[in-house]
Structures are given as structure tokens and as C-alpha cells.
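User: I want to know what stands behind the labels used for this model. Please take me through them.

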Amino acid sequence: MDATKPEVAAPAPPAPLADPRVDKLLEKIGILEQLFVKRIKDDQAHAAAYNTLYQDMSKYRDDAFRGAQKSLLKGLVLIYDTMKRSISGIGDGTVREMVNLHVEELLELLHRHDVERMPDTLGKFDRNVQQALGTEPAATAEEDQTVARVVRDGFKWGTQVLRPQEVVIKVKK
């Protein structure tokens with residue numbers, strides 16, 4: 001280009017003719033857009049409400065089932081107690097072995113449902129998993145609040161105590 005000549009600007013494009021049909025169409029598209037946005041927000045709110053309701057219903061169902069299951073498991077623990085008492089009244093022999101076999105089968109059935117017998121521990125008394133049925137004197141201060149003997153086995157169902165272990169504790173007077 002020659003530096004002495006001034007630049008000529010390109011002519012501006014002609015202005016589009018205003019068409020009322022196009023304006024009406026754009027207005028209707030704007031209204032549709034607003035309706036779609038509102039519908040999407042409503043659908044999201046309904047989905048959130050449905051998910052919350054579904055979670056609540058699932059929790060209620062699971063709690064009801066767990067409550068019914070807990071009652072059944074406590075009944076099985078009572079059968080275990082009866083069988084253990086029966087063993088103490090039976091002399092040595094085949095009948096005692098058969099009852100012991102049934103006790104082991106019952107413990108296996110409980111295990112399949114996440115119920116475990118608490119081990120017999122003669123350490124410090126633990127109110128979270130044990131219930132004191134009685135006391136006996138402790139010979140030393142170190143023996144104070146320790147378990148003297150287990151009267152009835154305790155059972156845990158997962159992390160929850162199904163039945164506390166019933167014990168006699170030593171108390172320093």
C-alpha cells in the first residue's frame with residue numbers, strides 16, 4: 001500500500017429489514033426457554049424429594065426388619081441358656097454329647113447372623129457389656145470392681161450388645 005493515500009473504509013452492511021414475524025418468533029422462543037428452565041428446576045426438586053423419601057422408607061424398612069430379627073435372635077439366646085442349664089444337670093455320656101452338639105450348632109447359627117458370644121473375661125467390670133448381678137468381697141484394692149465369675153453368657157450382635165454378660169463382681173469394703 002501507498003503510504004500517501006488514505007485508507008478507504010469498507011461500506012457497512014445494509015441494516016436488516018425488521019420483520020414482525022421474526023420478532024414474534026423470538027419472543028415465543030424466549031417464553032419456551034423460560035418454561036424449559038422452570039421444568040428442569042421442578043424436575044430436579046422432585047428428584048431430590050423422591051430420593052429423600054426413598055432413603056427414609058428404606059431406613060424404616062430396615063429398622064422394622066432389624067427389630068423383628070432382634071426379637072428372634074434374643075429368643076435363640078434364651079434357648080442357648082436353657083440348653084446350657086440342661087448340660088449341667090446331665091451326667092457324662094451320649095446325651096450330654098448330643099446336647100453339647102446342639103449348643104455348638106446353635107452358636108454356629110447365631111454366628112451366621114452376626115451374633116457372637118462374649119468371651120468370659122475376669123478383668124475389670126465393664127458397664128457397657130456387663131451387668132452386675134451380685135458382689136463378693138475383694139481381698140485387695142487391685143481386685144476392686146473386677147469380675148469374680150460369669151453367671152450368664154453375654155452376646156453381641158455386630159457392634160451392639162444383644163444381651164449383656166451377667167457377672168458377679170468383687171468389691172473392696
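Analyst: This is a predicted model. I start with the largest nonpolar core, which has 14 residues. Those with the most contacts inside this core include Leu 73, Val 103, Leu 106 and Phe 155. H1, helix H2 (94-112) and strand E4 (155-157) each give two or more residues to this core. H1 gives the largest share, six residues.

User: What makes this set of residues a nonpolar core?

Analyst: Its members are buried and joined through side-chain atoms within 4.5 Å, so the set counts as a nonpolar core. In soluble globular proteins, nonpolar side chains tend to be buried together.

User: Which residues is Leu 73 in contact with, leaving aside its neighbours within four places in sequence?

Analyst: Leu 110, His 113, Val 115, Trp 157 and Leu 162. Contact here means heavy atoms within 4.5 Å.

User: Why is Ser 71 called exposed?

Analyst: Its relative accessible area is 52%. The cut-off for exposed is over 50%, so Ser 71 is exposed. Ser 71 lies in helix H1. Its C-alpha atom is separated by 16 Å from that of Glu 116, 45 residues apart along the chain.

User: How do the residues lining the largest pocket divide into nonpolar, polar and charged?

Analyst: Three are nonpolar, none is polar and seven are charged. Asp, Lys and Arg count as charged, and the lining includes Asp 81, Lys 84, Arg 85 and Arg 117. Tyr and Val count as nonpolar; Tyr 80, Val 150 and Val 151 are in the lining. About 160 Å³ of space lies in this pocket. Helix H1 (20-88) and strand E3 (146-152) each give two or more residues to its lining. The largest share, four residues, comes from H1.

Terms used: Residues are numbered from 1 along each chain as its sequence is written. This is a predicted model: local features need pLDDT of at least 70, side-chain atom pairs count only at pLDDT 80 or more; totals for chains, interfaces and linings use all residues. Side-chain values use heavy atoms; hydrogens and water are left out. On a 1 Å grid over the protein atoms alone, a cavity is a set of points where a 1.4 Å probe fits but cannot get out, and a pocket is an open set with protein on both sides within 12 Å along at least five of seven lines; lining residues have an atom within 4 Å of a point. Grid points are joined across faces, edges and corners, and a volume is the space filled by probe spheres set on the points. Buried means under 20% relative accessible area, exposed over 50%, partly exposed in between (1.4 Å probe, protein chains only).
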